[in-house]
Amino acid sequence: MTTKMMGAKVQRVEDERLVRGTGRYVDDVALDALHTAVLRSPHAHARIVSIDVDAVLDVEGVHAVWTYDDLEGAMAEPLPLLIPHPTLTQGRTQYALAKDEVNYVGEAIAFVVADDRYIAEDALARIAVEFELLPAVVGVEAAREAANLVHDDVPGNVAARMEQSNGDAAAAIAAAPHTLSLDLKIERSACMPMEGRGTVARWDPDQNRLQVWTSTQTSTGVRAAVAAKLGLDLGQVDVITPDVGGGFGVKIVHPWPEELLVPLAAQKLGRAVKFTEDRREHFISSAHERAQVHHVEVGFDDEGRVLGLDVRFWHDHGAYTPYGLIVPIITSTQLLGPYKPGAYHVQFDSLYTNTVIVTPYRGAGRPQGCFVMERTMDAIAAELGKDRADVRAVNFIQPDEFPYDQGLIFQDGRELKYDSGDYPAMLDKIKELVDWDNFESFREAKAAEGKRVGLGLACYVEGTGVGPYEGAHVHIETSGKVKVATGLTSQGQGHQTAFAQIVADELGVRFEDVEITTGDTRRMAYAVGTFASRAAVMSGSAIHLAAKRAKEKALRIAADALEADIDDLEIVDGVVSVKGTDSSIPLGTIAVLSNPLRYAFDEASKAATQFNVGDPTKPPVAEDDEPGLEGKDFYSPPRSTFASGMHAVIVETDVETAEIRILKYAVVHDCGHLINPMIVEGQIHGGVAQGVGGALYERMAYDESGQLLNASFMDFLMPYVTEVPESIEIDHLETPSPLNPLGIKGAGEAGVIPGSAAFAAAIEDAERLTITAMPISPSELFALRAAQKESK
Amino acid sequence: MTEQIHEIRLTVNGVEHETAVPARRLLSDALRHDLGLTGTHVGCEHGVCGACTVLVDGQPMRSCLMFAVSAAGHEVTTVEGLENPDGTLGPVQQAFRECHGLQCGFCTPGFLTTITAGIAENPEPTEDEARDMIAGNLCRCTGYQNIVKAVCRAAELARESEDVQ
């Protein structure tokens, strides 16, 4: 092993099991489990007058049916508000099973446990609920009007109003030579992982212990929530996150009602119990994102330099606020992207509606912020008749200005201070990738063929690797194999591969000898979770530090055994040797020496007998030491690290049908040092596809009564291969982060952030009409054309 | 009310299984829950996403749209049956790994079965034909570019192994 693994396109170790069909997702475990189904509200807003479950008890194969009245203690309290904030003065969360009132179609009302899902669903059909219907509040406009209230005790439907500023934006705009105002809108979409939510629980009466398997982005979060709600000690609850079929944000929400009801049922019934969400349930009872309405006032000079920017926006957070204000706070701060306006003021209202809750979806508020900022940049360029790239360039933070303090507070309560980046270099790269300077001749050539094309550009900055911490434990076994555990979870990011690359490099062991476990509270009880593009930064750094500790111990023991100086030692392929000599000792043997036992039981133990370590006059385990060849460490950064990128897209808009076709898609991406470029590019591909979905296809079609009309894959248009770019031109810039030992930044969400912004710009450029709302369908574009014709 | 139970024989990956199911039991559920072949995944339960695709007499079928009783007497192939006889990865499996054609892996079994049937019918697909081949399967992770590459690579690997034999 002389090649460095970090930075290599290493094939994934996960794939071996996943392509054979031997992966383990939640629904694959406990095939003997009882199944569950949930009665969900058919109404967006109603009072529950009565619930009659008597008829269910006659259904053969039903083991339990619960409503709110069956819940006790903490289970009868509202679900936790996970992230409180001082401005969230009217936070509300739902109950595990609805108490007296329902506030969205899909809210859980009753829970049935049966032999199988078929019988459980039969049982649901026999539950009779009498509702008193209330008027539904749907969409930002209705929420703002507040003619009706979602929660009787929340005036104006406003959960929070938050304001931040840097400088006096109003004064700067008033004094600016040019001003513009824009009204912009983005609709709802959702994560839509291919695997929905799912939870399995087993109660072990012999050990008084609960084991929960759940499809989550935070094992430790679920563990704490289950323990608190079921009145168990943390030590009685193990949570295991097996293979997860995609997350994209929705699975960071916890505990879902089912994540509590399933463990409770397992405990009460003494049987393994399982909940596997179906697709319609995922649409109406998990979470959505994106919907916001913005009003922008901007003042700028003759070069297009933004002197003052004032943004007022309204965020639709659905019926409850379990995840606090994270999404709108991110929008309000990350909107600034790579730019440095002279002064900035932002204010948002987070509003209740009778719809599914809104919590982070890949990008988490950034796609909206990026859309607003980039629309503003394009509007400034149009107003001044300047090149759109040039207007951006004059607003960039310059490479010598880092660390750059935007003067705001970020989602983690820390300063919005960018650590590093090089935006001018990135702009040069994206312009080259998309042949920006020659686009006009391309446009003319296409026009000669009767075709209409447009070019769009969008830039973003993404705070990644948010704290508070992650940890890692590295254990070198006597076989020489290295077992590593970190607490955050995996949903397809290839952590078992990328983290093993880090360990192989740091320890000097073969990549194949490293085995990574994620998301198992039995192996690592202290962890936060996988969100905010933080896994590589947080756990990657923690693993690096833990491996370093194990290595230090290995070298110390090896130096003693080989009677050599530590500085003369090296580790290659799991063997420590004195550089330039034959004197060596395998790590497995060092592992034996690190654990002074009375008993020899394997070859490694026998091999160890030839070495003498330790001072015979002192205790075999020194006071400041412990047995075993292990390393444990935690990484906790002062603040987020800021990745960045730019996307450019060329579209053709059909002159007749207004269909929108992607001719070229280019990405320049800076996530600091790359661990595995193959995986990073895969993340970009997937993000871009979701960006295409959000820009051109996906929306949640609620009617005025709060019914979601497109709650299926038939009607909610997720991109197939036929909708995505055939290829994506990718170039990387590697500006290392000074905040972590590996110089890395997050990459998970990046690909999706500038999607709507870039497409809006490209379509606007092709059509010469103003795009203010996304997503945009061919019929909407057609209507815009007609409206423009009429106004002329 | 007691459901009528049907004793059926299902041939899956060349192995005959006897099982007893109600008439309404979906093939996907029978494979997963009754036979323990959990490699077949269910993504939408209404035949749109393609994750549950299995081969029935060599033809791709959505196992969430088919009753287990209807599969009796037919040869069913699931993702667990796609490896080579010697236990190494089959060409489509190998190609997905080489081309990074999967991330979370949940939709993957449906792609693997679909492509297995696709390259049997068209052993030398162009990139456009590769896209057509997978145009009925949803993936939320990869953006599909690497899956298209994997189709072409799988066809290449399959041809190579044909040549060897």
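Select helix H13 (residues 495-507) and helix H14 (residues 535-562) of chain A in this predicted model. Their axes approach within 9 Å and cross at roughly 35°, and the crossing of H13(A) and H14(A) is right-handed. To display the contact, show His495(A), Ala498(A), Phe499(A), Ile502(A), Val503(A), Glu506(A) and Leu507(A) on H13(A). On H14(A), the matching selection is Ala535(A), Ala536(A), Ser539(A), Gly540(A), Ile543(A), His544(A), Ala547(A), Lys548(A), Ala550(A) and Lys551(A). By class, the residues of this helix-helix contact comprise ten nonpolar, four polar and three charged.

Keep Val503(A) selected and add Val112(A). These two residues have the most contacts inside the largest nonpolar core, which has 304 residues. H14(A) gives the most to this core, contributing 15 residues. In soluble globular proteins, nonpolar side chains tend to be buried together. Next, centre the view on Val112(A). Leaving aside residues up to four places away in sequence, Val112(A) touches Thr36(A), Ala37(A), Val56(A), Val62(A), Val65(A), Ala120(A), Ala123(A) and Leu124(A).

For a contrast, go to helix H12 (residues 439-448) of chain A. Is H12(A) buried or in the open? Of its ten residues, the number buried is zero, so H12(A) lies largely in the open. Gly450(A) follows H12(A) and has a positive phi, near 80°.

The next stops concern backbone geometry in the loops of chain A. Most residues other than glycine have a negative phi, and most peptide bonds are trans. Select Phe402(A) and Pro403(A), which are joined by a cis peptide bond with omega of about -5°. Pro403(A) belongs to the loop between helix H10 (388-395) and strand S16 (404-409) of chain A. A cis peptide bond also joins Gly467(A) and Pro468(A), where omega is about 0°. The loop that holds Pro468(A) runs between strand S18 (453-464) and strand S19 (470-476) of chain A.

Move on to Ala658(A), in the loop between strand S26 (641-653) and strand S27 (660-670) of chain A. Its phi is near 65°, a positive value in a residue other than glycine. Why does Ala658(A) count as buried? The cut-off for burial is 20 or more other C-beta atoms within 10 Å, and Ala658(A) has 21.

Now select Pro677(A), which lies in helix H17 (residues 677-697) of chain A. Pro677(A) is partly exposed, with 14 other C-beta atoms within 10 Å. Add Ala8(A) to the selection: its C-alpha atom is separated from that of Pro677(A) by 6.7 Å, although the two residues are 669 residues apart along the chain.

Turn to chain B and colour it by secondary structure. Chain B contains six helices and five strands, and from the N terminus on its elements run β-β-α-β-β-α-β-α-α-α-α. Taken along the principal axes, its C-alpha atoms fill a box of roughly 55 × 35 × 25 Å. A compact globule of 165 residues would have a radius of gyration near 15 Å, and the 16 Å of chain B agrees with this. Of the 165 residues, 59% count as buried. Among contacts in chain B between residues at least 6 apart in sequence, 57% join residues at least 24 apart.

Show both chains and select the residues at their contact. Chain B supplies 45 residues and chain A supplies 41 residues. Helix H3 (91-98), helix H4 (108-121) and helix H6 (145-164) of chain B are the elements that give two or more residues to the side of chain B that touches chain A. Which of them gives the most? H3(B) does, with four residues. The side of chain B that touches chain A divides into 20 nonpolar, 17 polar and eight charged residues.

Finish at H3(B), which is mostly covered, with seven of its eight residues buried. The buried residues are Pro91(B), Val92(B), Gln93(B), Gln94(B), Ala95(B), Phe96(B) and Arg97(B). Their cover includes helix H1 (14-20) of chain A together with H4 and H6 of chain B. Just after H3(B) comes His100(B), with a positive phi of about 55°. His100(B) sits in the loop between H3 and H4 of chain B and is buried, with 24 other C-beta atoms within 10 Å.

Conventions
Residues are numbered from 1 along each chain as its sequence is written. Chains are lettered from A and ligands numbered from 1 in the order in which they are written. This is a predicted model: local features need pLDDT of at least 70, side-chain atom pairs count only at pLDDT 80 or more; totals for chains, interfaces and linings use all residues. Two residues are in contact if their C-beta atoms, placed from the backbone, lie within 7 Å. Ala, Val, Leu, Ile, Met, Phe, Trp, Tyr, Cys and Pro count as nonpolar, Asp, Glu, Lys and Arg as charged, and the others, Gly among them, as polar. Axes are lines fitted to C-alpha atoms, for helices over the stretch in contact, and angles run from 0 to 180 degrees between N-to-C directions. A crossing is left-handed if the near helix is turned anticlockwise from the far one by less than a right angle, and right-handed if clockwise. A residue is buried if 20 or more other C-beta atoms lie within 10 Å of its own, exposed if 12 or fewer, and partly exposed in between; C-beta atoms are placed from the backbone. A nonpolar core is a set of buried Ala, Val, Leu, Ile, Met, Phe, Trp, Tyr and Cys residues joined through C-beta atoms within 7 Å. The radius of gyration is taken over C-alpha atoms; the globule rule is 2.2 Å times the number of residues to the power 0.38.
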